[in-house]
Amino acid sequence: MSKDILLNAVRRGLKRGPLPEDRKAMLRGRLALHPRHTIPARSRLPHAGQVDLFVRNVEKEFGSVVRVADWNAVPDAIADYLSAQNLPSRFAMAPHPELQAIPWSNRPMLEIRVGRAEATDAVAVTQAFAAIAETGTLMLPSAPERPTTLNLLADTAIVVLRASNLVGAYEEAWDKLRAELGGMPRNVMLVTGPSRSADIEQTLELGAHGPRNLHVILVEDAG
Amino acid sequence: MHVATSPAFKENAHKALADAGLQKALARSGPSFIARRASAVAGLPEFEELRNIARDIKNHAIENLDFYLEEYEAKVIAAGGQVHWCPDADAARAAVLAICQRVGARTVTKGKSMIGEEIAINAHLERHGIVPIETDLGEYIIQLRDELPSHIIAPAFHLNMEDWEEAFRKHHTDLPADRSLAERRDILIEARTRLRSKFLAADVGITGANFLIAETGSSVIVTNEGNGDLTQTLPRVHIVLASIEKCVPTIEDTTSLLRLLARSATGQDFSVYTTFSTGVRRPGDLDGPDEYHVVLIDNGRSAMIGTEFQEMLRCIRCAACMNHCPVYGAVGGHAYGWVYPGPMGSVLTPGLLGVDKAGHLPNASTFCGKCESVCPVKIPLPKLMRHWREREFERHLSPTAYRTNLGLWAFFARRPSLYRLATRIGAKALALLGRKRGRLASLPFAAGWTEGRDLPTPEGDTFFARYARAQRDGTH
């Protein structure tokens, strides 16, 4: 069997047979504990400092952030952003309970289709499970209420993030994911800024195959 | 299918030096990679500490690779996926083709994968009537031009704007001939529009993997364009091509390696899209593939374990070594003749193709040590190149003149008094020959060396003579 051929070739190189049980148990212990390594000091800040660091990093990576006081302000923030960018007031939105609970009727001109993204969508709105201050990164795990295509297909991606879901380092986001989701979803995207390519003459151009604009609505809840 | 031209490195290098377009591209892009990395590294005071951690993580993973691969497979299966164990390139090609044929695939979109280049999967699919479409912008033009990538993270490193325009006009003949392609933006939008319909129509998406995680059964890809994500999200079937040494234990281990990868590669703190894929679409999911296959490929890696080349398996394919290499900077990636150029290629390629075919590569080094000093996992690349040189010598693969001269040198080196006499005569003779100009434009038996440079003439005594005199006089 190819599996045995391959594993035996590896063991021949390592000059041993299969690992003894006690060694395997030790390695399984390491997998279960998944110990952290050094975490860079840059994100070791009080929460307010982490929020500021996150905003700075998103902007450094050509994304944009608007900070709003509560959920009621989200429809205005989105409508204002879309009109400022000359974009249609029509978008696909994740079927996430947090997003669906927003009082959209405040801005009746917004046309919302709830579901996954389709090729024709110009704007998509989704919810961030977590955000990482260290590099201005959004954590977007797939789920029925958070379809992956919303992160990818539209030219403009708008992500609603609760400040209390923002952490300093990647490790903290992964622990949050383990604790709240219980295991790995099918897909976890870590997104840092809008899509880009430097393949033409090693010069940066925004908007390759993913969104050209990445806009974060940061809801400053009690966190 | 591209036949490796690594045996012809010398001829390739000569051509590269005379290629004006290539030299223009190298001069433009080389320094920017170096500056961007330096700035990213300066922004992370823990960078050096993380290099040691990364080295240790990868060493630990290789020492226990059989265990971690089995754990990894168990997790992939639990997430509804399947692992195909492939000892060599033939097995890997057959596994991919069998999946594509079973699902009746007509077109396949592809994210950038160096192992895909290594096993030449595109040519194999084409031979069986399946159309592979590269979606990374750099890989896309490489496919249009029917070339190999010239760089492992920037496949079109060797091309200039005029090459892009020419290729797009030649291949996108359904578009108006008078359209403007003068700006980079025009090129990008045309490629984006063209590939969008391919993403939506593809039956299978093939990506590579930067890491495989034993803890969760996840494959990780890192891109800036988002093409890899569209490739693995939209089609019904996702196939991951990965070599065995990509397997690391945990998410935390992966995270530490990711902190080094983008900084070393493009000088970004983090790539735009770092995506973890684990199995198939879950109940209630509105998108994602129904099938998830990992084609796990050995193809020469296991044979490096337990040898002096085991350390090469730590490589995370960041390309910092080639970005900082004076040889790569002079001749570009195609001169190396195969998939992996630069210092990492000079070590890996002889291991994968055989030192008889790629023996020139480890010789194409100035041993300046820059590659080792920037390697995020601290691979001693110059030392490994030296090991290949030794093997080449032991197997009598090096040229006769080289062997004769080295033998001659060894004869004198073992006889110190003869050595001193010979160097004293040599130095005097050379000084006499070049007395007027202070340099020699050509030398007998070394025309190749003096073709591109002059030899300064020795002035006065040999080092030994001077040293002995200084000792005697008490001066330094």
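Select Pro141(A) and Val188(A) to begin: Val188(A), in S9(A), is the bridge partner of Pro141(A). Keep in mind as you click around that this is a predicted model. The pair belongs to a longer match, in which strand S6 (residues 137-141) of chain A and S9(A) run antiparallel and share four bridges.

**Stay on strand S9 of chain A**

Now select residues 187-191 of chain A, the whole of strand S9. How many of its five residues are buried? Five of the five are, so far as the cut-off of 20 or more other C-beta atoms within 10 Å goes. Show the side chains next. In a regular strand, side chains alternate between the two faces of the sheet. Here Asn187(A), Met189(A) and Val191(A) point one way, while Val188(A) and Leu190(A) point the other way. Residues on both sides of S9(A) are buried.

**Cross into chain B**

Add residues 273-277 of chain B to your selection; this is strand S9 of that chain. S9(A) and S9(B) run antiparallel and are joined by five bridges. Two places are good to label. Val191(A) has Tyr273(B) as its bridge partner, and Met189(A) stands opposite Thr275(B).

With both chains in view, colour the residues where they touch. On the chain B side 76 residues are in contact with 59 residues of chain A. Which helix gives the most to the chain B side? Select residues 184-201 of chain B: helix H10 contributes eight residues there. Sorted by class, the chain B side holds 31 nonpolar, 25 polar and 20 charged residues.

**Look into the core**

Next, select Ala124(A), Met139(A), Leu161(A) and Val295(B). These four touch the most other members of the largest nonpolar core, which has 187 residues. The biggest contribution to this core comes from helix H12 (residues 251-265) of chain B, with seven residues.

Centre the view on Ala124(A). Setting aside neighbours within four places in sequence, its contacts include Phe91(A), Ala92(A) and Ala117(A). Leu150(A), Leu153(A), Ala154(A), Ala157(A) and Ile158(A) are also in contact with Ala124(A).

**Two loop residues with positive phi**

Most residues other than glycine have a negative phi. With that in mind, go to Lys15(A), a non-glycine residue with a positive phi of about 55°. Lys15(A) sits in the loop between helix H1 (2-14) and helix H2 (21-33) of chain A. Is Lys15(A) buried or exposed? Lys15(A) is exposed, because 8 other C-beta atoms lie within 10 Å and 12 or fewer is the cut-off for that label.

Jump to chain B for a second case. Asp146(B) is not a glycine either, and has a positive phi of about 55°. Look for Asp146(B) in the loop between helix H8 (137-144) and helix H9 (161-171) of chain B. Asp146(B) is exposed, with 8 other C-beta atoms within 10 Å.

**Zoom out**

Show chain A alone as a cartoon. Its secondary structure comes to six helices and 12 strands, and its C-alpha atoms fill a box of roughly 70 × 40 × 35 Å along the principal axes. Of its 223 residues, 48% count as buried. Among contacts in chain A with a separation of 6 or more, 75% link residues 24 or more positions apart.

Finish on chain B, coloured by domain: domain 1 covers 44-299 and domain 2 covers 414-473. Draw a line between their C-alpha centres, which lie 54 Å apart.

Notes:
Residues are numbered from 1 along each chain as its sequence is written. Chains are lettered from A and ligands numbered from 1 in the order in which they are written. This is a predicted model: local features need pLDDT of at least 70, side-chain atom pairs count only at pLDDT 80 or more; totals for chains, interfaces and linings use all residues. Domain bounds come from an automatic or database domain assignment. A nonpolar core is a set of buried Ala, Val, Leu, Ile, Met, Phe, Trp, Tyr and Cys residues joined through C-beta atoms within 7 Å. Two residues are in contact if their C-beta atoms, placed from the backbone, lie within 7 Å. Two strands pair if DSSP finds at least two bridges between them. Ala, Val, Leu, Ile, Met, Phe, Trp, Tyr, Cys and Pro count as nonpolar, Asp, Glu, Lys and Arg as charged, and the others, Gly among them, as polar.
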